[in-house]
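This report describes one protein chain, going from its largest pocket to its sheet and then to the chain as a whole. The sequence and the model are shown first.

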Amino acid sequence: MPVASVDDTAEATLTVTGDTIDAYADLTGDDNPIHRDDDYAAETFFGGRVAHGMLSAGVVSAALADLPGDVIYLAQDLDFENPVRPGQTVTATVTVEEDLGDDRLRVETVAAAEGDGESQQVLSGEAVVMSVPHESRD
């Protein structure tokens with residue numbers, strides 16, 4: 001099976017709902033009221049409930065998993081640029097930029113959220129992954 005190489009790209013998408021945010025909070029234990037409480041969140045800098053930043057980063061992880069071969073996450077640098085709100089759809093795109101040797105690749109990672117006819121970038125960064133051939137166990 002092939003492995004990821006320079007210029008390979010992959011994409012993953014997730015529609016974020018209030019239930020998605022609540023499930024993520026339950027899973028991680030991050031109960032910050034900015035994510036869970038509409039009334040509290042309305043009084044904050046964000047002016048309403050927003051998803052956890054790492055929920056959007058999880059969509060990046062899903063895109064990385066769609067690259068060829070078995071992809072193993074080694075490192076990630078992220079800049080969170082805009083909030084994601086319930087009702088928006090997050091699309092993450094990853095592009096292999098450089099072969100670092102020893103099966104390691106540098107990958108550009110970006111995600112945008114779309115809702116109400118508008119799209120904005122919500123995060124950007126760079127990952128280092130290992131891409132190795134998938135070994136079947138027959």
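Which residues lie nearest the centre of the largest pocket? The model is a predicted one, and in it Ala51, Gly53, Phe80, Asn82 and Pro83 hold that position. They belong to a lining of 13 residues. By class, this lining has 7 nonpolar, 5 polar and 1 charged residues. The space in the largest pocket comes to about 170 Å³.

Two of the residues nearest the pocket centre, Gly53 and Phe80, also lead into the rest of the fold. Helix 4 covers residues 53–65, and strand 2 covers residues 70–80. Phe80 has Leu123 of strand 5 as its bridge partner.

**The sheet**

Five strands make up an open sheet, in the order 1-3-4-5-2, with antiparallel pairing. Strand 1 (9–15) and strand 2 (70–80) are the edge strands, each pairing on one side only. From one strand to the next, the twist averages 25°.

Strand 5 (residues 118–132) is joined to strand 2 and also to strand 4. The table gives the bridge count for each of these pairs, with one bridge from each.

| Strand pair | Bridges | Direction | One bridge pair |
|---|---|---|---|
| Strand 2 and strand 5 | 10 bridges | antiparallel | Phe80 and Leu123 |
| Strand 4 and strand 5 | 12 bridges | antiparallel | Gly115 and Glu118 |

Strand 4 and strand 5 also form a hairpin, with 2 residues between them. Asp116 is in the turn and has a positive phi of about 55°.

**The helix across the sheet**

Which strands does helix 4 lie across? Helix 4 lies across strand 1, strand 2, strand 3 (89–101), strand 4 (104–115) and strand 5. The helix runs at about 145° to strand 2.

**The chain as a whole**

How many helices and strands does the chain have? Its secondary structure comes to 4 helices and 5 strands. From the N terminus on, the elements run β-α-α-α-α-β-β-β-β. Along the principal axes, the C-alpha atoms fill a box of roughly 50 × 30 × 25 Å.

In an unreviewed entry, UniProt places the feature "domain: MaoC-like" at residues 10–99. In the model, this span is 37% helix and 31% strand. The end C-alpha atoms of residues 10–99 lie 16 Å apart.

Conventions
Residues are numbered from 1 along each chain as its sequence is written. This is a predicted model: local features need pLDDT of at least 70, side-chain atom pairs count only at pLDDT 80 or more; totals for chains, interfaces and linings use all residues. Side-chain values use heavy atoms; hydrogens and water are left out. On a 1 Å grid over the protein atoms alone, a cavity is a set of points where a 1.4 Å probe fits but cannot get out, and a pocket is an open set with protein on both sides within 12 Å along at least five of seven lines; lining residues have an atom within 4 Å of a point. Grid points are joined across faces, edges and corners, and a volume is the space filled by probe spheres set on the points. Ala, Val, Leu, Ile, Met, Phe, Trp, Tyr, Cys and Pro count as nonpolar, Asp, Glu, Lys and Arg as charged, and the others, Gly among them, as polar. Two strands pair if DSSP finds at least two bridges between them. Axes are lines fitted to C-alpha atoms, for helices over the stretch in contact, and angles run from 0 to 180 degrees between N-to-C directions. Contact means heavy atoms within 4.5 Å. UniProt positions are given in the numbering used here, feature names are shortened, and annotations may be inferred rather than shown by experiment.
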